[in-house]
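Thank you for letting me take a few minutes this morning. Please have the picture in view while I talk, and stop me if a term is unclear.

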Amino acid sequence: MNAHEIDYEIFGEEMQYVSVELDPNEGVIAEAGSFMMMDPDIKMDTIFGDGSGQDTGVFGKIFSAGKRILTGESLFMTAFYNVGQGKRQVSFASPYPGKIVAIDLSEKNGKFICQKDAFLCAAKGVRVGIEFSRKLGRGLFGGEGFIMQKLEGDGMAFVHAGGTLAKKTLQPGEVLRVDTGCIVGFSQTVDYDIEFVGGIKNTIFGGEGLFFATLRGPGTVYIQSLPFSRLAGRVLAAAPKGGGKDKGEGSILGGLGDLIDGDNRF
């Protein structure tokens with residue numbers, strides 16, 4: 001496998017973007033909606049799946065693209081090519097506050113497993129597929145972690161983590177317990193399973209779910225502090241319902257509080 005050799009630079013702190021520098025005829029693939037800006041002579045093309053060329057024939061390409069539906073992604077991806085004579089740049093932005101993580105697949109033995117909505121962009125030639133669980137517990141109770149994406153190849157790939165990023169290097173046999181939604185990704189050498197929280201009080205009143213993920217080394221694990229599902233849940237819970245009052249607005253002063261703090265909506 002020969003992915004294009006791209007150069008890159010990551011900008012920003014909390015709302016990051018990655019600028020990819022392409023030599024003539026080099027390309028990069030990205031999820032639809034992640035594009036930010038590009039130089040002249042960058043050609044944009046919509047493709048089925050990841051366009052890595054591992055499948056031959058029309059049905060092979062359709063099947064490859066169709067698997068992406070299982071991860072909740074679009075059938076299509078966008079490819080950007082440098083059709084000019086000099087170096088050109090194209091940039092991709094984070095979808096929400098967090099960090100962009102650069103993954104060199106050649107240092108991960110050609111494969112990296114990530115949460116299904118974590119992938120941002122990659123060098124042309126990197127394969128973006130799905131990683132099914134082979135364990136019954138993960139299949140029945142894995143939730144967000146049941147169907148994950150796998151990035152394969154020898155090029156650079158970029159994934160996004162919500163909130164603050166934690167990188168853990170696990171030694172052989174070392175175990176880390178994590179909320180399933182907080183996993184960004186991990187090396188293929190890491191063993192991933194689902195474990196029951198246990199305890200009647202934890203089960204009924206804990207509020208953290210009945211199961212969490214257990215990651216067993218050796219390998220590298222990336223953890224995010226703010227999964228998008230958690231962020232969306234908080235926003236939804238705070239949204240006004242049926243024309244009612246926004247949660248927390250005005251405190252005990254109600255409408256008077258809105259007038260005091262400058263929120264004069266009527």
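Which backbone atom does the side chain of glutamine 224 reach? The side chain of glutamine 224 reaches the backbone nitrogen of glycine 162, at 2.7 Å, and that fits what I will call a polar contact, namely a pair of N or O atoms within 3.5 Å, where within protein one must be able to donate a hydrogen and the other to accept it, and where residues adjacent in sequence count only if both atoms are side-chain atoms.

Before I go further, a word of care: this is a predicted model, in which local features need pLDDT of at least 70 and side-chain atom pairs count only at pLDDT 80 or more, while totals for chains, interfaces and linings use all residues. Residues are numbered from 1 along each chain as its sequence is written, and side-chain values use heavy atoms, with hydrogens and water left out.

As for confidence, pLDDT is the predictor's confidence in each residue, from 0 to 100, and the chain averages 79, with 69% of the residues scoring at least 70. Among the elements of the chain, which are helices (DSSP runs of H or I, at least four residues) and strands (runs of E, at least two), numbered from the N terminus, β2 has the highest mean pLDDT, 97, and helix α2, residues 136-141, has the lowest, 47. Over residues 136-145 the pLDDT is below 50, although this stretch has 21 contacts in the model beyond near neighbours in sequence; a contact here means heavy atoms within 4.5 Å.

Back to glutamine 224, which lies in strand β19, residues 219-224. Glutamine 224 counts as buried because its relative accessibility is 6%; the scale is that buried means under 20% relative accessible area, exposed over 50%, and partly exposed in between, with a 1.4 Å probe and protein chains only. A polar atom of the glutamine 224 side chain also lies 3.0 Å from the backbone oxygen of glycine 181. Leaving out residues up to four places away in sequence, glutamine 224 touches several others, among them Tyr96, His160 and Cys182.

Let me turn to cysteine 121, in strand β10, residues 119-123. Is cysteine 121 buried or exposed? Cysteine 121 is buried, because its relative accessible area is 0%. Its contacts, apart from residues up to four places away in sequence, include Val18, Val28 and Phe92, and the C-alpha atoms of cysteine 121 and phenylalanine 92 are separated by 7.6 Å, although the two are 29 residues apart along the chain.

Alanine 102 lies in strand β8, and with 26% relative accessibility alanine 102 counts as partly exposed. Alanine 102 and valine 159 are 57 residues apart in sequence, yet 6.7 Å apart in space, C-alpha to C-alpha.

Now the charged pairs. How many salt bridges are there? The count comes to six, where a salt bridge is a side-chain nitrogen of Lys or Arg within 4 Å of a carboxyl oxygen of Asp or Glu.

One of them joins lysine 99 and glutamate 13, at 3.9 Å from N to O. That pair links distant parts of the chain, with lysine 99 in strand β8, residues 98-104, and glutamate 13 in the loop between β1 and β2, 86 residues apart. Glutamate 13 is exposed, because its relative accessible area is 56%.

Another salt bridge is formed by aspartate 23 and lysine 87, whose closest N and O atoms are 2.6 Å apart. Aspartate 23 is in the loop between β2 and β3, and lysine 87 in the loop between β6 and β7, so the pair ties together parts that are 64 residues apart in sequence. Both count as partly exposed, aspartate 23 at 25% relative accessibility and lysine 87 at 47%.

Then there is the salt bridge between glutamate 152 and arginine 127, at 3.4 Å from N to O. Glutamate 152 lies in strand β12 and arginine 127 in strand β11, so this pair ties together parts that are 25 residues apart in sequence. Glutamate 152 is buried, with a relative accessible area of 18%, whereas arginine 127 is partly exposed, with 25%. Elsewhere, salt bridges that share partners join Glu21, Asp23 and Lys87 into one network.
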